[in-house]
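Please brief me on this structure. I am a first-year student, so keep it short and explain the terms.

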Amino acid sequence: MTALLIDRIGELTTNAPEIGEGVGGRLRDAAVVVEDGRIAWVGAAARAPQADERCDAEGRAVLPGWVDSHTHLVFAGDRTAEFEARMAGEAYAAGGINVTVEATRAASDAQLQATLARLVAEARRGGTTTLETKTGYGLTVADELRSAVIAGRVVDAVTFLGAHLVPAGADPADYLELVTGPMLDAVAPHVSAVDVFCESGAFDGEASARVLAAAAERGLASHVHGNQLGHGPGARLAVAHGALSVDHLGFLDDGDVEALAGSWARWQEGAGSRGTVATVLPACDLSTRMPLAPARRLLDAGAVVAIASNCNPGTSYTSSMGFCVATAVLQMGLSVQEAVRAATLGGAIALGMHEDGWRDPRGETQPAVGAIRPGARADLQLLDAPSATHLAYRPGMPLTASVWRAGERVA
Ligand SMILES: N=CN[C@@H](CCC(=O)O)C(=O)O
Ligand SMILES: [Zn+2]
């Protein structure tokens, strides 16, 4: 197998405290060797071993590829008019999902695949090397199943979001029976987790609890969309059910923050029971004109925070993790190192992929992602900048110069 040496790295963010300093495990004047799709060696450039090929980073920054732990990429149609109305003062409401559901049901497999491929390519160009995506714009057994199958050919994790909305014309009680029974059974072989939109206008606390219990009964992990449009039970429900993450979190009270932080009290990386990751979605908060999630408060309380794009046509039509990181720094009070960690290792923890041995939707066992340490999947991005700080210092600039995923150059 050909080994690649990336050397003369000005600033390397590893997320590995045993390798470098501070929150990001940073090393200066560093080098990395990639072999067989994994990181083989990390250390000082001056001590780097020989390799078959060499990439000269010329003093620029290298960091783990982004782990985008929350997207909705299987859809058809357009919601520009809804966005324009929102910018003119209308509030976002969950019901808008139905517009995308109608268009998605009417689309061919080829159309859905083409949109997904375009968005994945966009994300890769922006430095994203691990992608989760959700179903949730089909909301019939057949349409949810085909969304899961289409997504599973391409992304790293597929989440079943049949509990996105009670579709137009359906009876809420009947739909809940379907989504926790036959629909879940049909989709379960193709997904690793179940999600529920716990919000007024979607699923209340009781219905959400049933969705989470149905996931657990089938041995599936879970996520919750919670506390997005107002204060609700989502965050605490997620913790109580041992969900991997609860996402959005614009409306949290002290008890929610304590519950999220407290869920990590017995966890150390690699040991102890894990908690529920608090996933913040800065691009969505901006695009819906909702309060920014209190990421600073969550980190200070001891929660594990992830940053994700929530790329979807309704509330956050961007896959730019660089933009999300810049917003988290400029508007949410995170340091650059904290934001980069949340958008890489944080996302990996939110998906249960920070340790070796997780399975992708094709059934392949995968190495850990989210950190640059020996044995991890070789997912890296080289910035056209001397440090990761430029992501926030030069917001909106296309700083991603090269991207490797499992050792393969993908951008
Ligand atoms: N909040 C629920 N679901 C998506 C939005 C879906 C839509 O409006 O199409 C979200 O995460 O923001
Ligand atoms: Zn979402």
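This briefing covers the overall fold, the main sheet, the ligand site and one arginine.

This is a predicted model: local features need pLDDT of at least 70, side-chain atom pairs count only at pLDDT 80 or more, and totals for chains, interfaces and linings use all residues. Residues are numbered from 1 along each chain as its sequence is written, chains are lettered from A and ligands numbered from 1 in the order in which they are written, and side-chain values use heavy atoms, with hydrogens and water left out.

**Overall fold**
- The chain has 14 helices and 18 strands. Both are DSSP runs numbered from the N terminus: helices are H or I with at least four residues, strands are E with at least two.
- The radius of gyration is 20 Å, which agrees with the value near 22 Å for a compact globule of 411 residues. The radius is taken over C-alpha atoms, and the globule rule is 2.2 Å times the number of residues to the power 0.38.
- The C-alpha trace spans about 65 × 45 × 45 Å along its principal axes.

**The eight-stranded sheet**
- Eight strands form an open sheet with parallel pairing, in the order β6-β7-β8-β9-β10-β11-β12-β13. Two strands pair if DSSP finds at least two bridges between them.
- β6 (66-68) and β13 (305-307) each have a single partner strand, so one side of each lacks a neighbour in the sheet.
- Neighbouring strands are turned by 25° against each other on average, direction ignored. Axes are lines fitted to C-alpha atoms, for helices over the stretch in contact, and angles run from 0 to 180 degrees between N-to-C directions.
- β9 (193-198) and β10 (221-226) pair in the parallel sense over six bridges. Cys-198 has Gly-226 of β10 as its bridge partner.
- Helix α12 (321-332) lies across β6, β7, β12 and β13, and runs at about 90° to β6.

**The ligand site**
- A polar side-chain atom of Tyr-92 lies 2.5 Å from an oxygen atom of ligand 1.
- For Tyr-137, a side-chain N or O atom is 2.6 Å from an oxygen atom of ligand 1.
- A polar side-chain atom of Asn-310 is 3.0 Å from an oxygen atom of ligand 1.
- Taken alone, ligand 1 exposes 330 Å², and the protein buries 100% of that. Areas come from the Shrake-Rupley method with a 1.4 Å probe.

**Arg-54**
- Arg-54 sits in strand β4 (53-56).
- The side chains of Arg-54 and Asp-7 share a polar contact of 3.0 Å (a pair of N or O atoms within 3.5 Å, one able to donate a hydrogen and the other to accept it).

Key. Contact means heavy atoms within 4.5 Å.
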